[in-house]
Amino acid sequence: MKKNFRHVLALLLVLVMSLSLMACQDAGKKENTAVPEKTEEKAAEKAEETKDQADKATEASEAESQKEEAAAAETSAEQAAEDKKGDAELEKELIVYSTHPEDMLTVIADKFEEKTGVKVEFINLKGALAERVRSEKDNPQADIMYGGSVSLYSSLAKDQCFAKVEPSWANDLPENLKSPDSVWYATMQTPVVFFYNSEKLAKEDVPKTWADLADPRYEGKICSRDGLSSSQRATVASILYTYDKKGEIDAAWDYLKKLDANTKSYYNSGSQHFQAVGKGEAPVSYGVHSAIIQNRDKNNLPLEIVIPEDGAVLIPDGVAAINKAPHPAAAAAFVEFVGSEEVQAMLANQFQRYPVLKAATKQGPDWMQVEMTAMDIDWAKLSEKEGEWIQKWEDEIRSADKDIK
């Protein structure tokens with residue numbers, strides 16, 4: 001009996017152990033299949049979270065971009081409004097004192113009016129330009145001084161005749177072609193050179209240096225402009241300056257006396273001056289390079305140009321807004337316009353005017369692409385004595401009885 005009981009107990013133990021082992025194996029299988037399911041669930045949650053963050057970043061970037069575009073549009077609108085406001089503030093008229101030829105001034109006036117709507121009135125004062133501006137200093141009647149050598153501008157600036165203006169092209173100018181206090185600027189250079197009648201004088205007989213003009217063999221064969229011509233004044237002052245800087249001012253006055261002795265006539269009119277040379281009344285002269293070309297081509301005159309071996313007088317022509325001008329906004333706009341690359345290039349090609357901006361010179365005619373020998377002139381220093389020198393030349397040297405009105 002006991003034996004049978006032990007046998008049954010052993011079988012029960014084996015059965016219990018088997019059941020326990022099977023339960024453990026099932027639990028292990030369940031645990032192994034649960035882990036991947038949990039991992040996949042976490043990965044899905046992470047991906048969703050990342051997507052949400054990316055969406056939020058995109059929305060923020062788009063919002064920032066929209067904000068920047070709105071700000072840019074607002075700035076553009078403000079600038080457009082400011083530009084429109086600036087245009088509206090330009091006065092409707094502008095008065096310009098000048099020494100330049102009428103045909104050139106007409107083209108400039110038309111272009112400026114087309115660009116700005118401002119009507120321009122030019123008053124040509126020839127040699128009386130500087131004196132007129134100075135005399136009206138306390139009650140200006142004009143807005144702009146345009147033309148004449150920068151030595152005149154330096155002198156007038158000392159009397160506070162000009163207003164400060166800062167055109168966009170000013171930084172492209174050499175320092176000696178603009179005032180240090182931003183009141184005047186050179187807009188072109190005017191070369192004064194020799195010219196002669198090729199039918200009356202052989203090429204080998206023409207003067208080659210300024211000193212040659214005082215040679216007695218040219219007595220009665222020279223004519224030039226009178227003392228009212230701004231280019232004539234600048235030329236005489238330049239000659240005096242070249243002697244004076246070497247400490248030889250007395251020799252300069254002696255030279256000018258000899259030049260006056262050789263001079264047959266002084267002309268008030270530029271056209272009469274060129275006709276006199278062209279007809280052979282006096283076959284030798286000196287004058288503005290552009291005017292020689294224009295008169296030669298327009299009137300079919302037998303004129304030939306000679307660049308002096310000791311240098312042409314390269315006169316920087318200026319522009320300035322007059323202080324306390326009646327139309328100050330239009331005056332500032334004119335300075336900006338007339339010295340621009342576009343206008344300088346236009347004047348170079350239409351009127352043979354030598355630009356002061358290199359970019360404009362490159363667009364000019366062929367003769368401007370060859371470097372011209374020029375006198376070494378410090379125009380600021382020259383201006384300190386120019387008035388005194390010219391007065392003495394008029395009073396003591398130049399023969400007024402040779403004037404042709």
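Trainee: How many disulfides does a search of the whole structure find?
Mentor: Zero. A disulfide here is a pair of cysteine sulfur atoms within 2.5 Å. This is a predicted model: local features need pLDDT of at least 70, side-chain atom pairs count only at pLDDT 80 or more, and totals for chains, interfaces and linings use all residues. Residues are numbered from 1 along each chain as its sequence is written, and side-chain values use heavy atoms, leaving out hydrogens and water.

Trainee: Why does Cys161 count as buried?
Mentor: Its relative accessibility is 2%. Buried means under 20% relative accessible area, with a 1.4 Å probe and protein chains only; exposed is over 50%, partly exposed in between. So Cys161 is buried. Cys223, at 1%, is buried too.

Trainee: Which residues of helix H8 are buried?
Mentor: His289, Ser290, Ala291, Ile292, Ile293 and Asn295, within residues 289-299. Helices are DSSP runs of H or I, at least four residues, and strands are runs of E, at least two, numbered from the N terminus. Among what covers those residues are helix H7 (270-278) and strand E7 (284-288).

Trainee: What makes H7 roughly perpendicular to H8?
Mentor: Their axes come within 11 Å and cross at roughly 70°. Roughly perpendicular spans 65 to 115 degrees; under 35 is roughly parallel, over 145 roughly antiparallel, the rest oblique. Therefore H7 is roughly perpendicular to H8.

Trainee: Which residues of H7 and H8 meet?
Mentor: Ser271, Phe274 and Gln275 in H7 meet Ala291, Ile292, Asn295 and Asn299 in H8. Contact means heavy atoms within 4.5 Å.

Technical notes. Axes fitted to C-alpha atoms, helices over the stretch in contact; angles between N-to-C directions.
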